[in-house]
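Here are my notes on the model, as numbered points. I'd start with how the copies relate, then go through the interfaces and finish on the aromatic rings.

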Protein chains: 4
Amino acid sequence: MDKIKVAIIGGSGYSGEELLRLLLRHPGVELVAVTSRENAGKRVGDFFPRYSECDLRFVPPQVEEIASMAEVVFLALPNGLASQYAAPLLEKGCKVIDLSADFRLRDPAVYEKYYKMAHPAPWLLSQAVYGLPELYREELRSARLVANPGCYVTSILLPVTALLREKAASPRGIVAMSMSGVTGAGRKVSLDYIFPECNESLRPYGVTGHRHLPEIEQELAATAQVPSVTMNFLPHLVPVNRGIHSSVLLEPGEGKTLEDAREALEKAYGQEPFVRVLEPGKLADTKHVTRTNLCEIGCLYDSHTGKLVVSSAIDNLTKGASGQAVQNMNLICGFPETTGLLIS
Amino acid sequence: MDKIKVAIIGGSGYSGEELLRLLLRHPGVELVAVTSRENAGKRVGDFFPRYSECDLRFVPPQVEEIASMAEVVFLALPNGLASQYAAPLLEKGCKVIDLSADFRLRDPAVYEKYYKMAHPAPWLLSQAVYGLPELYREELRSARLVANPGCYVTSILLPVTALLREKAASPRGIVAMSMSGVTGAGRKVSLDYIFPECNESLRPYGVTGHRHLPEIEQELAATAQVPSVTMNFLPHLVPVNRGIHSSVLLEPGEGKTLEDAREALEKAYGQEPFVRVLEPGKLADTKHVTRTNLCEIGCLYDSHTGKLVVSSAIDNLTKGASGQAVQNMNLICGFPETTGLLIS
Amino acid sequence: MDKIKVAIIGGSGYSGEELLRLLLRHPGVELVAVTSRENAGKRVGDFFPRYSECDLRFVPPQVEEIASMAEVVFLALPNGLASQYAAPLLEKGCKVIDLSADFRLRDPAVYEKYYKMAHPAPWLLSQAVYGLPELYREELRSARLVANPGCYVTSILLPVTALLREKAASPRGIVAMSMSGVTGAGRKVSLDYIFPECNESLRPYGVTGHRHLPEIEQELAATAQVPSVTMNFLPHLVPVNRGIHSSVLLEPGEGKTLEDAREALEKAYGQEPFVRVLEPGKLADTKHVTRTNLCEIGCLYDSHTGKLVVSSAIDNLTKGASGQAVQNMNLICGFPETTGLLIS
Amino acid sequence: MDKIKVAIIGGSGYSGEELLRLLLRHPGVELVAVTSRENAGKRVGDFFPRYSECDLRFVPPQVEEIASMAEVVFLALPNGLASQYAAPLLEKGCKVIDLSADFRLRDPAVYEKYYKMAHPAPWLLSQAVYGLPELYREELRSARLVANPGCYVTSILLPVTALLREKAASPRGIVAMSMSGVTGAGRKVSLDYIFPECNESLRPYGVTGHRHLPEIEQELAATAQVPSVTMNFLPHLVPVNRGIHSSVLLEPGEGKTLEDAREALEKAYGQEPFVRVLEPGKLADTKHVTRTNLCEIGCLYDSHTGKLVVSSAIDNLTKGASGQAVQNMNLICGFPETTGLLIS
């Protein structure tokens, strides 16, 4: 059987590297191009020595050429730039899975508010499908443009949408506190991210107005079928390479108990291959999920305050970015959804 | 001038080690005894090579002997055991600074609920002074039994009491999310704490019913002059050696603004040597305070949800334990409060 | 085609966990049993949440039962205990891949000297094949008992044997300095290995008489065809989870140059799937090989002292233990050697 | 008594920060100026929040002004730049302690070879005193220009000179292998040093021709009273913030034993406040010395190869840079040598 031809535009960052890992081991695809303006001409397997078996060379990001070679194109590009590639690629018939934020927010005004620029391709927003398979699986199967969710977002949406859908929790007064490893900042060379400034350092950032917030609220409102959700989201940077943990506090739905919450999670994820609901009393730990496409979810009831406490862990680069992108590719290409994503 | 003679009972754990560091460099005290049942006879400076200049030898924890030598005794012992030493030491005229939880909770029933044992010395509770100098400075000057606060507790009480006192924040609906380094668990040899299980791991624990919760609530209620405070406290374990960061969400007090909150913090801490209120927009980072007795506090207003977001950082072993204990000692001994605790 | 049935005896340590990862994703095998005395009855996928899809339950290590189910058995057991399982398993017709040190040393007297016990099954030594495929590939194809090499050993033998074989380096005066991550100590619960004692700590250990030394010397002597090799081996413990780096200083062979050394490495590894010789001037970095079965090798000439400097990096749990064991299994089972071991 | 007035030129890097820590707590000095071209005007205590009590503001590095204020000036500047400041400062009567490499090598030709530039002030070399107090204490007392040693250098010279001086070891065939924390690279913003590239990474670098090599060889030759020493020095970068560990292999001197080596170390360091010779069998660990001015030394004999194995640990920023600089200042100012440098 012929393999699907795929390309990565923007292949030298951490998400690009993780895409590479997952696509090189994927039995159903052939990686035909990886772009990097800066590294064009270099052998990919030399740039990423752990994938030294990869003989491809980085090429410049030329849309024509990529479109002529690949059926599915992953965009691992900065916000704002991604949509400039998406438009011509879609026109030339490629399917596009965009790991940036460009197509995640349905309302371009919200995009403009949070990303401080006019949306570069608002006419495409209506055809973008939000790439969280556990929420939009059917729509994704026929999608031509996938907006791959943010990393923090995935860690919060997976547990919380399950609760909201069954009214096991209220959409009001939600508080999410997250911790992220440093690859979450990308391969960013700045003083804040050198080793001695991160190691032995614990710090919040973006605790008001983080860019992932409107994306979380948009999807929670859609799930809860309410006009809007307004919540607190407090991200923190901690000294690990990979992993995101989110702790979420929620008001139980009217008349609902922990049992209802657990049933909602079970109902949502009992059959999901990449979501693992922990047994009662257990909380999530990122070390159980790093380098996997898994999301681990624990749920407790705090009788002291009457709140539900949800704990979820993912790998920011896998289920939080590139693993989820490959899961989406599996859906749009008709592969079994777990292809290439199981135990690694 | 004669130096005050001090002793440490329980000197082989991390708090004991930090006490040692601070007392050995303190110009006003002479450390006359450090106990360790297990290491009795060993030279302290060999057990802790970084304090190799210390010629003392560990002795067994014999109350009579300690009491005959020392005026002030620090207890760095497990909960429940500490109070067994406190009673006879007090009787023999020593002043006692207890780093355990034994004298922190005013109500022995609460102690029993959270520590799963009857309080071993309830008759002493009334004379114990809660050892947070920024709250109880005057009472501490004449204290004979100091209940040194918990580490998480200190990081939360310092910012939050300042806000509650001025009604800049409401005592209702408070949520605190904290991250602690692994020394917070003590020198504990168990699978959960070996390096490969902690490194590259992010995990919550004790998110319902953590033992530090009643201590926080007791002091917040006292400050707010309300019968009780009920709040959420979510602690997490992260891979650093030292440091606690707490992010706290609060409802502003009626009619109060960020400006009021900042004024409340300035009023409380403008003259405090160990609390640093960050300039507007800045958040706390543990790497600024490790190995110091400082607490760094940032405060923002989230216009999206109408909440105050407070960020505070301390070193769990210094301001969170032994540094605070020495600050208390300075108070009860009449030394200038910063003696031995400035830049290190 | 029927899959080969395999079992792991001693499945709850770090090597066992890594074996699990590699065997669960291996297309040619069915994992039929994983033993753990302590965890018997527990679901393997619960004990190791990252392999939550594994439905097996730990069983006690009963030889009869294992032998009736599995064709190939991996022993991930303490030294001394492994050989007690190897004997009856071999008798019952299983092929055995032993990750302990029990069958690595050809001379039981050397075993006794370094492991402080009489060899428990010296009569089996003659049939054991040393499991370094790059050295003993042909013998391994028909082996029934494989002595999987030590982790440090692999990192040193791969570069050095290639040089000795071509006389590009002298077998005299070799000095190897290695650094290992903490999983190298196993899942060992002791004060030396808790997080705060390892993090921010750099320390040598076993710099005289380390147990891996005789194994290195035995294989170097065999390769160099000299009666014995006597060298220095200096291991160090450093705060990473996984990875071993070895720096080796060697005298060039008589009349040999860096060019000869590089040719020797190229000759040995140009076609090897798991050994990557770096381009001139480059040195190995463990982060390029963690969680892979790769060994990265760099080689320089120091004109100042006239020595060759070799740098090699592996993952101590993969190429240094379980990955190599699976590579050996591939050989003895007739699978392509890289099956299940490529990009992960 | 009047305090000595001191200034730091180049105060915003890691060595500058450590100088700040040590000078602020030093009872005999008043810090009158800290320069930083980039941060001129900023309050030092805001730039380094852990020293928030420091009210100085960074000033531009103007020699005239500094010279009019300070008696002793520390230069924490890049190589090549430092000597441009040293010359006019000396002329104006300041004493200069230079933390760069500019005055460490007696032969400007060697400087040119290793630092790839002509020496900027060769006429000053003859008056520079090498700032290792344990070697040059008497000369330092009257020095006006101190060449503070390199960090790796200090960790190797302390154990090895003691052995060479007593002929307990031979100056031939020495091999030193070192590991350094990432602050050793300075506050350097480059891809190689961002957290995800350093964490979980072990790598050698500069294993031929490292700039610290000629400095080590120069001092070893001087101590051994031989024309030159030629040795191997293999540095490695490992994921800790602070600390250097060196393992050194040496041939015992003719007819000398481990006992002689230990006696040589005892003789050299029995009375030294900052060097701690470990008891037989023990090896150095950086965690015992970080943030102290201590050097910990262990020494073993390897009967297998007949070599001495020396293990030494320092903090690269303290005894390896700024602590040593303050120790030198104590000498040239006539303070007791340990002033401000004991337990911290």
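1. One definition before the symmetry: copies are superposed by least squares on the C-alpha atoms of residues with pLDDT of at least 70 in both. Bear in mind that this is a predicted model. With that in hand, chain D goes onto chain B by a rotation of 180° with 0.0 Å of shift along the axis, at an RMSD of 0.0 Å. That is what a two-fold axis does. If you want to find the axis from chain D, look for D:Ser344, whose C-alpha is the nearest to it in that chain at 2.8 Å. Both copies also use the same surface, as 100% of the contact residues of chain D recur in chain B.

2. What does the contact of chain D with chain B look like in numbers? Each side brings 24 residues, 24 from chain D and 24 from chain B. Together they bury about 2,200 Å², with 51% of that on carbon and sulfur atoms. Three residues, D:Arg50, D:Arg276 and D:Ile343, supply 34% of the area that chain D buries here, more than any other three.

3. On the polar side of that interface, the rule finds two salt bridges between chain D and chain B. A salt bridge joins the side chains of D:Arg276 and B:Asp46, at 3.6 Å from N to O. So D:Arg276 turns up twice, since that residue is also one of the three that supply 34% of the area chain D buries against chain B. Eight residue pairs are in polar contact between the two chains. From chain D, helix H1 (14–24) and helix H2 (44–47) each supply at least two residues of the side that touches chain B.

4. Now for chain C and chain D. This contact takes 44 residues from chain C and 44 residues from chain D. The buried area is about 3,700 Å², and carbon and sulfur atoms give 65% of it. On the chain C side, C:Glu200, C:Leu202 and C:His304 supply 19% of the area buried against chain D, more than any other three residues.

5. Which polar links cross between chain C and chain D? The rule finds four salt bridges across this interface. D:Lys287 and C:Glu197 meet in a salt bridge through their side chains, at 3.7 Å from N to O. The count of residue pairs in polar contact is 18. Several elements of chain C each supply at least two residues of the side that touches chain D, including strand E7 (175–180), H8, helix H9 (213–224) and strand E12 (295–302). E7 of chain C gives the most, with four residues.

6. On to the rings. Over all chains the structure holds 26 aromatic pairs. One to look at is B:Phe195 with C:Phe195, which is stacked, at 5.2 Å centre to centre and 5° between the planes. This pair crosses between chains, from helix H8 (residues 195–198) of chain B to helix H8 (residues 195–198) of chain C. Buried or exposed? B:Phe195 is buried, with a relative accessible area of 1%, and C:Phe195 is buried too, at 1%.

7. A pair within one chain is C:Tyr152 with C:Phe233, which is edge-to-face, with 5.1 Å between centres and 70° between planes. The partners sit in distant parts of the chain, 81 residues apart: C:Tyr152 is in helix H7 (residues 151–165) and C:Phe233 is in strand E9 (residues 232–237). Both of these residues, C:Tyr152 and C:Phe233, are buried.

8. One last item for chain A: A:Phe47, A:Phe48 and A:Phe58 form one aromatic cluster.

Technical notes. Residues are numbered from 1 along each chain as its sequence is written. Chains are lettered from A and ligands numbered from 1 in the order in which they are written. This is a predicted model: local features need pLDDT of at least 70, side-chain atom pairs count only at pLDDT 80 or more; totals for chains, interfaces and linings use all residues. Side-chain values use heavy atoms; hydrogens and water are left out. Rings of Phe, Tyr and Trp (its six-membered ring) pair if their centres lie within 6.5 Å; planes under 30 degrees apart count as stacked, over 60 as edge-to-face and the rest as tilted. Buried means under 20% relative accessible area, exposed over 50%, partly exposed in between (1.4 Å probe, protein chains only). Contact means heavy atoms within 4.5 Å. Buried area is the accessible area (1.4 Å probe) that two parts lose on being put together, summed over both. A polar contact is a pair of N or O atoms within 3.5 Å; within protein, one must be able to donate a hydrogen and the other to accept it, and residues adjacent in sequence count only if both atoms are side-chain atoms.
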